Each structure stands twice: as structure tokens, then as C-alpha cells.
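Trainee: I've got the model loaded and a few things I'd like to talk through. Can you take me around?

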Amino acid sequence: GWAIASGATFRPEANLVVWRKNVLLRRLRLDPIRTSSVVTARVAVSLAIALMPAAIFIGIGKAFFGLQLTGWWPMIIPLLICGTLAFMSIGLLAGSDAKTEEAAIGISNFVVLPMAFLSGSFFSLDGAPHWIEVVGKALPLKHLNEGMLDTMVRGDGPGSAVLPMVFLLAFAAIVTAIAARLFRWDD
């Protein structure tokens with residue numbers, strides 16, 4: 001659920017490939033507008049796309065399913081922002097060097113789909129082997145899920161969201177740096 005709300009359905013990897021194929025990336029480099037402005041705009045759109053479904057899911061949950069939120073539920077906003085940045089970094093890495101949209105989407109799905117299972121999103125991993133728990137803790141969705149549960153359901157204070165947000169931002173920074181290193185402006 002939260003992978004969708006956090007922007008995992010947004011496909012920056014496919015956009016990068018399409019922009020590279022259409023020579024749009026090269027044109028952006030030559031345009032007087034700064035590349036950082038384009039990147040900032042894309043990130044802002046992704047964040048808006050991530051926050052809207054979360055608001056809708058919470059509204060539907062409260063209206064129709066009796067969802068009870070704790071007093072710290074607004075902490076999901078910074079958590080979703082950090083989670084969206086982490087998921088976008090995976091897409092950027094997948095699209096940074098892929099030659100086709102299908103390859104870029106396949107690469108990101110190769111990471112995102114197992115992550116959904118290894119993070120405990122669909123079922124509890126309490127009885128799983130230790131190595132699965134270790135792998136799950138290295139992936140951003142586990143930290144996003146834990147931060148959401150701590151602040152929305154368990155009633156833990158805002159401090160419980162700090163470590164998940166730090167992990168998500170560190171993950172995003174590291175993976176984005178790798179993507180920037182591998183990035184190609186054209187074919």
C-alpha cells in the first residue's frame with residue numbers, strides 16, 4: 001500500500017530513457033534554464049503525486065473503514081517525502097544507463113518487487129530466516145513502513161520517525177550519487 005502512496009508507481013526511469021531517445025536531455029543541457037531547475041520541478045511533481053494518494057487513502061480509511069489515527073499521524077508527510085526521494089533514486093539508477101523503457105522498468109521492478117516482500121509489507125517476516133530480515137533492513141520500504149506504523153498506529157512520538165527518515169534520505173543520496181555517476185545524456 002505505502003509503496004503506491006509514496007510514488008513507487010511514478011516511473012522516472014522510463015522518463016529518462018524517453019527523454020534521452022527524444023534528445024530532450026541534450027536540449028535541456030543547451031537551454032538557458034538550469035538543469036537543477038528541471039530536476040527540482042520533477043521532484044516537486046513526484047512529491048505531489050505521492051502525497052495525493054496518501055490523503056485519499058487516509059480519507060477513505062477514516063470515512064468507510066473506521067481508521068483510527070494517533071496524534072502523530074501528520075509525521076507521515078515528511079516520511080512520505082523521504083520515501084518518495086528514496087524510491088525515485090531507484091528509478092533514476094535504473095534509467096541512468098538503460099537503453100529502452102522496458103529495460104529501465106524491468107531493472108527497477110527487479111528491485112522494487114522483491115523489496116515489497118522483503119520489507120514485510122504483505123505479511124509478517126517474524127518467522128523468516130535471519131538473512132531475509134537483514135536484507136529487508138537494507139531496503140527503504142522496510143523503514144518507511146516502520147516509520148508509518150510507529151507514527152500513525154502505534155502512537156510513538158515524532159522521534160520514532162527520525163531514524164527511518166535519516167535512513168531514507170541516506171539511501172536516496174547514495175543511490176542518486178551512483179545514478180549520477182552512471183548517467184548518460186544521450187545514446
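Trainee: Over which residues does pLDDT stay under 50?
Mentor: Keep in mind that this is a predicted model, so confidence is a sensible place to begin. Helix H1 (residues 2-5) has the lowest confidence in the protein, with a mean of 40. The model still gives the low stretch 26 contacts beyond four places in sequence. The stretch where pLDDT stays under 50 is residues 1-9.

Trainee: And in which helix is confidence highest?
Mentor: For background, the protein averages a pLDDT of 82, and 81% of the residues score at least 70. Confidence peaks, at 93, over residues 162-182, and that is helix H9.

Trainee: How many helices and strands are there in the protein?
Mentor: Reading along the sequence, you get the pattern α-α-α-α-α-α-α-α-α. Among contacts with a separation of 6 or more, 80% are between residues 24 or more positions apart. The count is nine helices and zero strands.

Trainee: Let's zoom in on H8. What does the helix reach from its first C-alpha to its last?
Mentor: H8 covers residues 140-153, which is 14 residues. At 1.5 Å a residue you'd expect 20 Å, and the model comes close to that. The value is 19 Å.

Trainee: How many of the residues of H8 are buried?
Mentor: Across the 187 residues of the protein, 37% count as buried. H8 is mostly covered, and its buried residues include Leu-141, Leu-144, Met-148 and Asp-150. The tally is 10 of 14.

Trainee: Why does Asn-145 count as buried?
Mentor: Asn-145 is found in helix H8. The cut-off for buried is under 20% relative accessible area. Asn-145 counts as buried because its relative accessibility is 10%.

Trainee: Which residues are closest to the centre of the second largest pocket?
Mentor: That pocket holds about 380 Å³ of space, and 20 residues line it. Helix H7 (130-137) and H8 are the elements that give two or more residues to the lining. By class, the lining has seven nonpolar, seven polar and six charged residues. Closest to the centre are Ser-119, Gly-120, Ser-121, Asn-145 and Leu-149.

Trainee: What separates the C-alpha atoms of Asn-145 and Ser-119?
Mentor: Both residues are among the closest to the centre of the second largest pocket. Along the chain they are 26 residues apart. Their C-alpha atoms are separated by 7.8 Å.

Trainee: Last one: which residue just after H8 takes a positive phi?
Mentor: H8 runs over residues 140-153. The phi in question is about 80°, and the residue is Gly-155.

Key. Residues are numbered from 1 along each chain as its sequence is written. This is a predicted model: local features need pLDDT of at least 70, side-chain atom pairs count only at pLDDT 80 or more; totals for chains, interfaces and linings use all residues. Side-chain values use heavy atoms; hydrogens and water are left out. pLDDT is the predictor's confidence in each residue, from 0 to 100. Helices (H or I, at least four residues) and strands (E, at least two) are DSSP runs, numbered from the N terminus. Contact means heavy atoms within 4.5 Å. The expected span of a helix is 1.5 Å times one less than its number of residues. Buried means under 20% relative accessible area, exposed over 50%, partly exposed in between (1.4 Å probe, protein chains only). On a 1 Å grid over the protein atoms alone, a cavity is a set of points where a 1.4 Å probe fits but cannot get out, and a pocket is an open set with protein on both sides within 12 Å along at least five of seven lines; lining residues have an atom within 4 Å of a point. Grid points are joined across faces, edges and corners, and a volume is the space filled by probe spheres set on the points. Ala, Val, Leu, Ile, Met, Phe, Trp, Tyr, Cys and Pro count as nonpolar, Asp, Glu, Lys and Arg as charged, and the others, Gly among them, as polar.
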